[in-house]
Amino acid sequence: MLRQSSGKEIMRVLDTKFARDFIRMADDGFLQGWHERNGGNLTYRLTQTQIDSISNRLNPYKEWQPIGTSVPGLAGEYFMVTGSGKYFRNIKEDPEVSTAIIELDDKGENYCIRWGLVDGGKPTSELPAHLMNHEVKKRLTNGQHRVIYHAHTPNIIALTFILPLKDEVFTRELWEMATECPVVFPDGVGVIGWMVPGGRDIAIATSKMMETYNVAIWAHHGMFCSGTTFDETFGLMHTVEKSAEILVKVLSTGRGKLQTITADEFRQLAVGFGVTLPERFLFEKELDPLDPVPYVKADFASRPYDE
Ligand code: 13P
Ligand code: ZN
């Protein structure tokens, strides 16, 4: 470890805790089966202390590239990001090839690669979605949220083929699958119909959802999660995907539910755990033991959650 004349410690980027945590989380996601090939991406917003601790290890400024959207609320911020087309499987082995640290300009419109991607390349194609989500969450959480994570989680993806793409339906079904789900994501989850990935339009749609939720589901594609720490954000993705896995198992029996957690029981849970659960997810519904997906009935449009 070097010491600057100011007395500050200068660390190798890969020795910092944030870089080690970033790499560990990427590898954990790969081991879960969420990152085939180059699927998924991860970004982390550095603190000023972290930027100072690596300042002498950063590359000199080269060219600035357009982000593809405008995020003035993130002007001057630094992010550790996965590279576009890079495989999560390789991040642990070769982090300097697969990831980068980028700096944003003073308008929040361009980025410069200051570290990493040593064999060339650029940040994830979902950078507009990541940065627009970061901008919303930085504002709403007073800077607490720093991690945005996109993964191709198979069970959530499977559900987007058979459940109506409604926030109310997904939230309620996922909550019912494991008692502590409403405690982990009390605000619920948002669902976006299929869109072309990698552009500004899907970034705008996702960041609008992030005004309300910490989880956004992309139909037939995957999930985005936001959180304060790597642990919390990974844990959120893990909880939602596990709940989806249980639901897929239940639906795979070809039977409907004979019993479940009721709206009133969720209200009791909210009191017991000190969380607020929005009433719009606590609608009354009837179980049909013969129908695994009663939501797809013809009278769906008249159900209370279908605004
Ligand atoms: P990148 O390789 O550009 O990060 O894209 C992967 C992905 O999941 C796109 O949605
Ligand atoms: Zn993707």
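The following conversation goes through some features of a predicted model and the reasoning behind the words used for them.

Reader: Why is Trp175 called buried?

Author: A residue counts as buried if 20 or more other C-beta atoms lie within 10 Å of its own, and Trp175, with 26 C-beta neighbours inside 10 Å, therefore meets that cut-off. Trp175 is found in helix 7, residues 167-177, and, leaving aside neighbours within four places in sequence, Trp175 is in contact with Cys181, Pro182 and Phe266.

Reader: What makes helix 7 largely enclosed by the rest of the structure?

Author: Of the 11 residues of helix 7, 10 are buried, and so the helix is described as largely enclosed. Among these buried residues are Asp167, Val169, Arg172, Leu174 and Trp175, and the buried residues of helix 7 pack against helix 8 (181-184), strand 9 (190-192), strand 10, helix 10 (230-252) and helix 11 (263-273).

Reader: Why is Asn142 called exposed, and why is His220 called partly exposed?

Author: A residue is exposed if 12 or fewer other C-beta atoms lie within 10 Å of its own, and buried at 20 or more, with partly exposed in between. Asn142 has 8 such neighbours and therefore counts as exposed, whereas His220 has 13 and so counts as partly exposed. Asn142 lies in the loop between helix 5 (127-140) and strand 8 (147-151), while His220 is placed in the loop between strand 10 (215-218) and strand 11 (222-227).

Reader: What is noted about phi in Asn142 and His220?

Author: Asn142 has a positive phi, near 60°, in a residue other than glycine, and His220, which is not a glycine either, has a positive phi of about 60°. Glycines with positive phi also appear after two of the helices, for helix 1 is followed by Gly33, with phi near 85°, and helix 10 is followed by Gly254, with phi near 80°.

Reader: How do you know that the span of helix 1 agrees with what is expected?

Author: The expected span is 1.5 Å times one less than the number of residues, and so for the 15 residues of helix 1 (residues 17-31) it should be 21 Å, which agrees with the 21 Å between the end C-alpha atoms. For helix 10, which has 23 residues, the distance from the first C-alpha to the last is 32 Å, close to the 33 Å expected.

Reader: How do you know that the buried residues of helix 1 line one face?

Author: The buried residues of helix 1 are Phe18, Ala19, Phe22, Ile23, Met25, Ala26, Gly29 and Phe30. Seen down the helix axis, they fall within an arc of 160°, and so they line one face. The face turned away from this buried side carries the exposed residues Lys17 and Leu31.

Reader: Which residues have the most contacts inside the largest nonpolar core?

Author: This core has 68 residues, and those with the most contacts inside it are Phe22, Met80, Val215, Ile217, Met223 and Val240. Not counting residues up to four places away in sequence, Val215 touches Phe185, Val189, Gly190, Met223, Cys225, Leu236 and Val240. Leu236 and Val240 are also among the buried residues of helix 10.

Reader: What makes up the shell around ligand 1, by class?

Author: The shell has one nonpolar, 11 polar and one charged residues. In total, 13 residues surround ligand 1, and the closest are Asn38, Asn41, Ser84, Thr124 and Ser125.

Note on methods: Residues are numbered from 1 along each chain as its sequence is written. Chains are lettered from A and ligands numbered from 1 in the order in which they are written. This is a predicted model: local features need pLDDT of at least 70, side-chain atom pairs count only at pLDDT 80 or more; totals for chains, interfaces and linings use all residues. A residue is near a molecule or strand if its C-beta atom, placed from the backbone, lies within 6 Å of it. Ala, Val, Leu, Ile, Met, Phe, Trp, Tyr, Cys and Pro count as nonpolar, Asp, Glu, Lys and Arg as charged, and the others, Gly among them, as polar. Helices (H or I, at least four residues) and strands (E, at least two) are DSSP runs, numbered from the N terminus. The arc is that of the directions from the helix axis to the C-beta atoms. A nonpolar core is a set of buried Ala, Val, Leu, Ile, Met, Phe, Trp, Tyr and Cys residues joined through C-beta atoms within 7 Å. Two residues are in contact if their C-beta atoms, placed from the backbone, lie within 7 Å.
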